[in-house]
Amino acid sequence: MKVSVTVNGGEIAAEVADRTLLVHFLRDVAGLTATNVGCDTSSCGACTVLLDGSSVKSCTVLAAQADGRAVTTVEGLTDGSGQLHPLQRAFRAEHGLQCGFCTPGMVMASVSLLAENPAPTEEEVRTALEGNLCRCTGYHNIVRAVLAAASERRSS
Amino acid sequence: MIPAPFTYRRASSVDEALDLAAQSDEDAKFLAGGHSLVPLMKLRLAAPSTLIDIGRIGDLSHISEADGHIAIGAMVTHDQIARSRVLAASVPLLADAAGRIGDPQVRHCGTIGGSLAHADPAADLPAVMLALDATLVVRGSSGDREVMASDFFLGLFETALAPGELLTVIRVPKPASAGWSFQKFSKRGIDWAIVGVAVQGNNVALVNMGSTPLRATATERVLASGSGPHEAAANAAEGTNPPTDLNAPRTYREHLARVLVRRALEEAGSRA
Amino acid sequence: MSILGTRVVRTEDPRLLTVGGTYVDDLRVPELEQAARVTFVRSPVAHALITGIDTSAAEEAEGVVAVLTVSDMDDLPPPPPDSGLTGTEGAPLPLGGHWSEPLLAVDKVRFVGEPVAIVITDDRYQGEDAAELVSVDYQPLDAVVGFDEGLASESLLFPPAGSNIAVSTGMPTEGAAFEGCEVVVEEMITNQRLAPVPLEGRAVAARWADGKLTVWVSTQNAQIARFILAGALGLDPASIRVVAPDVGGGFGAKVGVDRDALIVAWAAKHTGRAMRWAETRSENLLSMTHGRAQRHRIKIGGRPDGRILAYRIEIVQDSGAYARMGGFLPFLTCLMASGPYDIGQVETGYQVVVTNAAPISAYRGAGRPEATAAIERAVDLFAAEIGMDPAEVRRINLIPADKFPFTTPCGATYDTGDYVSALDKVLAGAGYAELRAEQARRRERGDVLQLGIGLASYVEITAADADGGEAARLVVHDDGTATAYTGSSAHGQGHHTAWAMLVEAELGIPMDKVTVIHGDTDLMPAGVGTHASRSLQLGGVAVQKAAVEVKDQARRLAADMLEASEADLELDVERGIWQVRGDPATSMTWAQVAAYAGDAGLTAEVNYTDGKPTFPFGTHLAVTEVDTETGKVRLVRHVTVDDAGTVLNPVLTEGQRHGGIAQGVAQALLEEMVYDPEGNPVTSTLVDYAFVSAAELPSFELLVSETPATINPLGAKGIGEAGTIGATPAVQNSVIDAVSHLGIRHIDMPLTPARVWAAISEARQGR
């Protein structure tokens, strides 16, 4: 079937198998490979993107379900002038990534978290990220990054 | 990791969804949020030949307040339920439980209708429906019918939905008592409940203590006779048939049921 | 002011945060444009004879290019002879001969997930469909599950071997060491099987063209991978190029190149078409190597005043179906058995058994977490037996700071350390006395939520394979930039940042002008890679030494250019300028000096082989809260000293400690790879394998301690695995401590609610 998705502000349309997962549409059709597949049971969150502004696990969403809707991936976070999103800046400043595989999903989940809860406590951050698994960082600096970004956005 | 091939159809209304189902093979499934169904399909534990996407049917996405009850469209997501001011005010048990399903991404997609129709005994909302004495409205080719929550869950992944029928609205009576509690016991925050308890007033429902959600009827009888949480919780496991699995032997679940029912009743009591 | 030792954010991050890393499955290079997809057909049974494989239906399926089984593998060299147990942690150590592991299964399968056939399709989605159509007939055999069935050897995985016991070192006769010990405590403990679960699973792409095999693989060791490929496929290493692109975590399970990747590489050569494969998580949990899986009989003896005199550990290592590195890991466990303590008599020994489970290999710590978990349980058991504070027992027995280097009865020589200071720092940092007071208050009140305080003091061996050395090549270009080629192979550790810091510190070339290249055997043929926490102390030192050589060359060149004597030339490192001392008018930039070097270039190549194993150490303290009505455990605080010598970049070191701690906690509380009695994996997805999430962990409290190594100019030991080694026993001891007042003395890991509840329930019934 024909699927057309607005990805990071641009339309991507293609004829794809009905069973195509959104994550594969993004990686293979849109050519945006930052979003990763880390599991097959919707557990790890490495595939997290925004669908109409809310975080979803793109491995569990059919491309067909995203037809006519808007998806944002980490590649779409940097603004037009190349300025990094506060979360991207914070993840770097706080060493919230090591191998980087979980990072795009982790960042997008954090974007969604801060959109819904601009002033989270540490506990709220940890609970909100329970669907995003990381093996490298132990989450300590990821939490710091999210809190730092939240704090920066509030003061700006 | 990849579902077996299927045909995707999209319905723009409930009637169209029913028509599409009637036209498809018997194994056709409705696709709501997809977060119960798609994971099964990816592991090839389910392989329907047709998926009928009901995600765009606006009629199914409302929460409305009427006299004495709240009507929740089947396609309302867990996240919408968790954030609903109407539900926070009138049915906080439901808002709280929905807000603790899975993780935020799952809650953005998963729907109350999808969860109830899937009827996983480890899911939270079916038990919450029992505790709330909810009514489920089902539409089929011959029109609408109402099913009490207590008649809806028939067995493991089995409901009163006939093939081709669609759950459309969940009607939750506004509870008489302000006392409520939701206890969800799991190893990790993201896990299914090893055991869960939903209390609304003197209604006590159990998650994962059998092949369907169950009312803790023995406990409710003791409560009705005027006893307190401790006594009432003592036989919380009576009449249940909890599984033994990786996370818990049966006896441990029975023990947890007693502890969690007591805690739930104590918490509900503090709110009443 | 040198940049070394300062907090520097990573150069790797901008790319990773904006366009993402390029992992194997992300590669969109021209060579792989026509690549076919490989899908594995794997055994669904743990132990069986293969009596037939019918690929005909699969061959007819849409998009299928070929279906290959062992019968197609007629172009492979014979398997290598018995390699014995020599070798280093740096390469998989298969036991050859009877115990050989094939590529595709031959006539038998020995674990669920073992590869039996491959289906090659044009695209990924078709692969799973076609794989379902491959029909394999199995004649089931009795499965061997767990240590006892392995030892009993009733059902044999390798009948010609006559036993499932692949290695047996024997044990010293029991008795002598413990005579004279007034207090003796014994226990059987299990260090459970774990799955490494790097977020990126195994992935490989391969292309055979013009007599050359190019393999892109998610590996920790491109150079070692090349040699393994050469051996397995019967090729000259010179005809193989291995590229490690970005690697999404390894943790020891991506050392070298895995059997399944070898199959894919072979398929590319066999068919002449480029191949790619990226495993699913289920495949990863079933068939990537697992970790740990040791059972210990421990015995500790000493005096009532707290002095430990003897320790004995008998190890059974479950190596899974094939004794790869699992055959070697208990050697490391025995080497580190006595931990940071001065114990007069230490008796160790091990047996390695094969079982119908996935093979065991390195997993963060690789043999040393097991040693520490055992001795730390033993110390706590001893402390409980004599009624002494476990902190005090440790203090009495830790090797004093003035005794280094210290050679243990196990044969390890610990280089530098201050173990008592580490213990004291952690006790002070945690507020130990107040924690004990709070614990006492809760016990007095009979609170439902009881507090546990657990300690673990540890020492571990890093760069155990230091004799393999590490290579570096540094080039300064005529535009003033530099390229550092390293044999190290980062998969999250931040080497590019650290090596650039080293170049800047030595040469004054700013970090943003330094490019670090790793993981490509065409660009860097020599190298060992990243495992055993060896990279900074070997690879980093090699880079620094190359920089020093470049500096010496540059001095000669600059002297020539300036017509001055070398002795008068100095490098202003702050500005990266060469000049004659006291004569600023004579300044030369690196660009100028490099240009002057001409075709010869300004380059130095170092193979640093003077390193030796080093011994980081520390203490962890874990505070847990146990709900005594349900058995649920909450980790409240985790305080550590992890001393790996001089810290190059605290940002990177802290990150390694955090990640290590999280994995250590996960072993203690949550994770276990479980097989049922028929050898079927029960924890085959991330729903059931309880990988720790952010919600289960607190933020960690890291204390600073730097006791330099003396063997290398950086003063560096390895930090990569230390956190894991210290964390697991601290948490286990903490939970047991929380319920010790109920009479509980031991609970095996993972300390799930069900396990803890069972111990509480049993203890209460016993009263």
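A salt bridge here is a side-chain nitrogen of Lys or Arg within 4 Å of a carboxyl oxygen of Asp or Glu. Keep that cut-off in mind, because the first stop sits just inside it: C:Arg124 and A:Asp28 form a salt bridge whose closest N and O atoms are 3.9 Å apart. Bear in mind as you explore that this is a predicted model.

**Stop 1: where chain C meets chain A**

Select C:Arg124 and A:Asp28 to see that pair. Between chain C and chain A the count is six salt bridges, and 27 residue pairs are in polar contact across the interface. Which elements of chain C should you colour here, counting those that give two or more residues to the side touching chain A? They are helix 1 (13-18), helix 3 (124-131), helix 7 (281-287) and helix 16 (650-669). Helix 16 of chain C gives the most, with eight residues. Colour this side of chain C by class and you will find 27 nonpolar, 18 polar and eleven charged residues.

Now widen the selection to the whole contact, which takes 56 residues from chain C and 47 residues from chain A. The area buried between chain C and chain A is about 4200 Å², and carbon and sulfur atoms give 56% of it. On the chain C side, show C:Leu17, C:Tyr125 and C:Leu199: they lose the most area to chain A, together 19% of what that side buries.

**Stop 2: where chain B meets chain C**

Next, select the contact between chain B and chain C, with 22 residues from chain B and 27 residues from chain C. About 2000 Å² is buried between these chains, 58% of it on carbon and sulfur atoms. Which residues of chain B lose the most area to chain C? Pick out B:Lys187, B:Arg188 and B:Leu246, which together account for 32% of what the chain B side buries.

For a single pair to zoom in on, try B:Arg44 and C:Asp129, whose side chains meet in a salt bridge at 2.7 Å, N to O. Six salt bridges are found across the interface of chain B and chain C, along with 14 residue pairs in polar contact. Then highlight helix 12 (residues 250-271) of chain B, which supplies the largest share of the side touching chain C, six residues. That side of chain B divides into twelve nonpolar, four polar and six charged residues.

**Stop 3: a link inside chain B**

The whole structure has 88 salt bridges over all chains. One worth showing is B:Lys184 with B:Asp124, where the closest N and O atoms are 2.7 Å apart. This pair links distant parts of the chain, 60 residues apart: B:Lys184 is in strand 11 (residues 180-185), while B:Asp124 is in the loop between helix 7 (112-118) and helix 8 (125-132) of chain B.

**Stop 4: a sheet in chain C**

Finish with an open sheet of four strands in chain C, ordered 21-20-19-25 with mixed pairing. Strand 21 (514-518) and strand 25 (602-608) stand at the edges with a single partner strand each, so one side of each has no neighbour in the sheet. Neighbouring strands are turned by 15 degrees against each other on average, direction ignored.

Look at strand 19 (residues 470-476) and strand 20 (residues 482-486) of chain C: they run antiparallel and are joined by five bridges. Within this pairing, C:Ala472 stands opposite C:Thr486 in strand 20.

Now add two helices of chain C. Helix 13 (residues 495-507) lies across strand 19, strand 20 and strand 21, at about 135 degrees to strand 21. Helix 15 (residues 590-597) lies across strand 19 and strand 25, running at about 90 degrees to strand 25.

How values were computed
Residues numbered from 1 in each chain as written. Chains lettered and ligands numbered in written order. Predicted model: local features only at pLDDT ≥ 70, side-chain atom pairs only at ≥ 80, totals over all residues. Heavy atoms only, no water. Pairing = 2+ DSSP bridges. Axes fitted to C-alpha atoms, helices over the stretch in contact; angles between N-to-C directions. Contact = heavy atoms within 4.5 Å. Buried area = accessible area lost by both parts, 1.4 Å probe. Polar contact = N/O pair within 3.5 Å; in protein donor to acceptor, adjacent residues only side chain to side chain. Nonpolar A, V, L, I, M, F, W, Y, C, P; charged D, E, K, R; others polar.
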